[in-house]
Amino acid sequence: MKQAPITSHHNTINYLHISSNSLVVAHVSGEEQRGGLVDLAHVNSVRDIFALNAADIGDARSEADAVEEEEEEERELISDAFRSTALVSSREQYEAMYRRSVEDPDGFWADIASSFYWKTKWETKDGKIHSENIDVHKGRVAIEWFKGGQTNICYNALDRHVKAGLGDKIAFFWEGNDPGVDDKLTYTQLLERVCQLANYLRDQGVKKGDAVAIYMPMLVELPIAMLACARIGAVHSVVFGGFSAEALSQRILDCRPNIVLTTSGVRRGAKVIKLKEIVDEALECVLSEGFAVGTCLTYANDSAIQREDTAWQKGRDIWWQDVVPKYPKDCAVEWVDAEDTLFLLYTSGSTGKPKGVLHTTGGYMVYTATTFKYAFDYHDNDIYWCTADCGWITGHSYLTYGPLLNGASVVVFEGVPNYPDAGRCWEIVDKYKVSIFYTAPTAIRSLMRSGDEPVKQHSRKSLRVLGSVGEPINPSAWRWYYDVVGDGRCPISDTWWQTETGGFMITPLPGGWPLKPGSATLPFFGVQPAIVDENGHEISGKCSGYLCIKAAWPGMMRTLQGDHARYETTYFAPFKGFYFSGDGCRRDGDGYYWLTGRVDDVINVSGHRIGTAEVESALVSHPQCAEAAVVGFDHEIKGQGIYAFITLLEGVDYSQQLRASLINAVRIQIGAFAAPDKIHWAPGLPKTRSGKIMRRILRKIAANQLDELGDISTLADPSVVAQLIDLRDV
């Protein structure tokens, strides 16, 4: 979610990443480790997993040193006026709070947790409210926070505020795809809608611990569905509405829900997407695998598609509006243990199989609420807008749970930032008097292309805090965001975190300290980052290396659904005694952290993490594709694009039609957001004599860094490199 400092040399290296837009994935020698899990018995150091190319690192570091020094000196001070009301108004205050959070994590988090409602208080053993083992060499990885405590996150997000007299406060302002189409719900109204759906789910036999799959657009019914599941102790699994039928079916098969919640369709800009048809196809795929979903509850979104035009299977499909409103507006709460599962969220992995990240209730609740409060300097009169979709972790933590746990008023937007024009975002900001605006660098860069005028046509005077999420924000985009959108007066919370972390890990606290464009700055309370070398030795002071975390925090995932071995191998085996983020990082002389990109085979496209193996698998499923290798490359708008090298079957000729057909194969199996931006014909791929693909060379060719290919003499057939170069623009 971060980037290295900008440099005109466009260097992409193996464990650090430096580029003008800072958005090419920094894969570590994928040719040394591809597919499958590593046997823990043979993991002695990270070299067993990632095999660094030290020469690349050294060359890039020497070229980047001067640039880093210059960027470390660029900073934006926070105004005295802002600091006068900030929750954290100085670095000294932060350091005192942070010191307690790492020296006494149990006391620190217990004090914060006490502000929430607990039916039964958590267990305490020897003064500890948590237990952890994150060292695979000491046994099974296990983390618990507030164990024994009985609570409910829906109750804390809704009932607690209504009982406190805030029932008439707006919970959601809903803004439709088209200007002028809107709605709003108070906390009381939201609670009633949640209870009605929760009662329906109970009536359908959904009980505590059961999975419910949700495949919906950004209607208010999506967070309502999440909260209804949480209320009755069910486990929600939200799947982003851009995923294909095949990708959706994989996730349904993994969590095996008896009910799927969806929508007839949605309008995204001028385009109509028939979501119900995608669900129907997915359920057919699931049925062919021997699993049947009993009920498909479908919300009729008449603005996109009429009921009579929606495909229907009698006996399985039910219209939401025909049944849910008939249920009572109050629903008994299912009290759950703090360590009971709250939700599953699937994220891309380097092996091609999506990972079902599992988050539990208590620690996630406390952590997301606290990170939201401090990272956005939230005050009771703020209007907050997060542009994320609930199909991703940001929509879980910072559109639904984090804000509602703080009693915030939240804007939920169905549409896209540039429809019907590039001024839509700022029109919405003025309409609802948004004071905190949280979006992705992809949106920022896209809006930058339209110039300053669409921004300046609107007041934006209500804005006081800006946020960035999901991918690296390059310094030029950061500067435009700060100077143009925020008029140079709104601090930017440039947040680094992951689906796996549950909440912010490294982030500015507005008012706390000066900002540096491109830096995530300092760790959040309770987060203990460690930068380690390739042998897992922690490095102190100003340095570069691999970003790890050396102690558990409340919001972290507990396992991967049905695959604890993969959980341990992916996150804890690479470095003994650490959680490994998969990111490279450097720390400057002021202690600020600069994230430098992924070091595994995951590409970050517009904030969507896409495993290269997933895309390769989709490509080679095409009947005319013999082999595929996928890498990331700089993309002006998306940040990173997908660059696919394709070897065709013998006798098959290159053609534009075939290129389109290959791209469509990815669209069908994964989704449009994973479609390759570039297809590069490859008669052969650069491989070692043992048959491993040298992806370092492919990344250089994709980046057009042809003078930086390095030694190719070790390839089984060095001549393929010249062939690839000749075919680069074909």
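**View 1. Cysteines in the predicted model.** Cys255 is buried, because its relative accessibility is 9%, under the 20% cut-off. The model shown here is predicted. A search of the whole structure turns up zero disulfides. Cys543 takes part in no disulfide. The nearest cysteine sulfur to that of Cys543 belongs to Cys585, 7.7 Å away. A disulfide would need the two sulfur atoms within 2.5 Å. Cys543 also counts as buried, at 10% relative accessibility.

**View 2. An open sheet of eight strands.** The strand order is 12-11-8-6-7-14-15-24. Pairing in this sheet is mixed. Strand 12 (317-319) and strand 24 (559-560) are the edges. Each has a single partner strand, so one side of each lacks a neighbour in the sheet.

**View 3. Strands 6 and 8, with helix 7 packed on the sheet.** Strand 6 (residues 211-215) runs parallel to strand 8 (residues 259-263), and three bridges link the pair. Ala213 has Val260 of strand 8 as its bridge partner. Helix 7 (residues 221-231) packs on the sheet. The helix touches strand 6, strand 7 (235-238), strand 8, strand 11 (295-299) and strand 14 (341-347). The directions of helix 7 and strand 6 make an angle of about 175°.

**View 4. Strand 14 between strands 7 and 15.** Six of the seven residues of strand 14 are buried, so the rest of the structure largely encloses this strand. Strand 7 and strand 14 are parallel and joined by two bridges. Here Ser237 stands opposite Leu344 of strand 14. With strand 15 (residues 355-360), strand 14 pairs in the antiparallel sense, over six bridges. Thr341 has Thr360 of strand 15 as its bridge partner.

**View 5. The largest nonpolar core, around Leu197 and Leu261.** This core has 156 residues. Leu197 and Leu261 have the most contacts inside it. Helix 6 (residues 187-203) gives the most to the core, with nine residues. Leaving out residues up to four places away in sequence, Leu261 touches Leu197, Leu201, Val212, Ala213, Ile214, Tyr215, Met216, Ala225, Leu297 and Trp320.

**View 6. Another core, apart from the largest one.** This core has 41 residues. Among them are Ala247, Leu275, Val279 and Trp392.

Notes: Residues are numbered from 1 along each chain as its sequence is written. This is a predicted model: local features need pLDDT of at least 70, side-chain atom pairs count only at pLDDT 80 or more; totals for chains, interfaces and linings use all residues. Side-chain values use heavy atoms; hydrogens and water are left out. Two strands pair if DSSP finds at least two bridges between them. Helices (H or I, at least four residues) and strands (E, at least two) are DSSP runs, numbered from the N terminus. Contact means heavy atoms within 4.5 Å. Axes are lines fitted to C-alpha atoms, for helices over the stretch in contact, and angles run from 0 to 180 degrees between N-to-C directions. Buried means under 20% relative accessible area, exposed over 50%, partly exposed in between (1.4 Å probe, protein chains only). A nonpolar core is a set of buried Ala, Val, Leu, Ile, Met, Phe, Trp, Tyr and Cys residues joined through side-chain atoms within 4.5 Å.
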